[in-house]
Amino acid sequence: MDYVSALVPPVVMAAFFIGLIVTIVKSQGGANKAKEDAAVDAAIARAEAVRQAPRPGSTA
């Protein structure tokens, strides 16, 4: 019976990992893909604008 208790944790972790991967793959694309892409593009644009904006008091 020791072999069963030794195999249960890896099997359970593997099952949860497979479930996680399946969920991630299924959530890619779909009806909300354009909205998600637009949100990411807007966040990147804001980050670049903040990075490129001159800081008050800088000599450059």
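**Figure 1. Two helices and zero strands make up the secondary structure of the protein.** The model is predicted. Helix α1 covers residues 2–27. Helix α2 covers residues 33–52. The protein has 60 residues, and buried residues account for 0% of them. Its accessible surface is about 5,600 Å². Carbon and sulfur atoms hold 69% of that area.

**Figure 2. A nonpolar patch lies on the surface.** Eight names, one patch: Met1, Tyr3, Val4, Leu7, Val8, Val11, Val12 and Phe16 form it. The patch spans about 870 Å².

**Figure 3. Close-up of phenylalanine 16 in helix α1.** Phenylalanine 16 belongs to the nonpolar surface patch, alongside residues including Val12 and Val11. Its relative accessibility is 63%. Phenylalanine 16 therefore counts as exposed, because the cut-off for that class is over 50%.

**Figure 4. Aspartate 37 and lysine 33 form a salt bridge.** Side chains of opposite charge can pair when their charged atoms come close. Here the N to O distance between the side chains of aspartate 37 and lysine 33 is 3.4 Å. The contact qualifies because the limit is 4 Å. A search of the whole structure finds one salt bridge.

**Figure 5. Setting of the salt-bridge partners in helix α2.** Aspartate 37 and lysine 33 are four residues apart in this helix, so about one helical turn separates them. Aspartate 37 has a relative accessible area of 36% and is partly exposed. Lysine 33 is at 41% relative accessibility and also counts as partly exposed. Both values fall in the partly exposed class because it runs between the buried limit of 20% and the exposed limit of 50%.

Technical notes
Residues are numbered from 1 along each chain as its sequence is written. This is a predicted model: local features need pLDDT of at least 70, side-chain atom pairs count only at pLDDT 80 or more; totals for chains, interfaces and linings use all residues. Side-chain values use heavy atoms; hydrogens and water are left out. Patches are made of residues with over 30% relative accessible area and no salt bridge: like charges are joined within 9 Å, nonpolar side chains (Val, Leu, Ile, Met, Phe, Trp, Tyr) within 5 Å. Accessible areas come from the Shrake-Rupley method with a 1.4 Å probe; for residues, only the protein chains shown count as cover. Buried means under 20% relative accessible area, exposed over 50%, partly exposed in between (1.4 Å probe, protein chains only).
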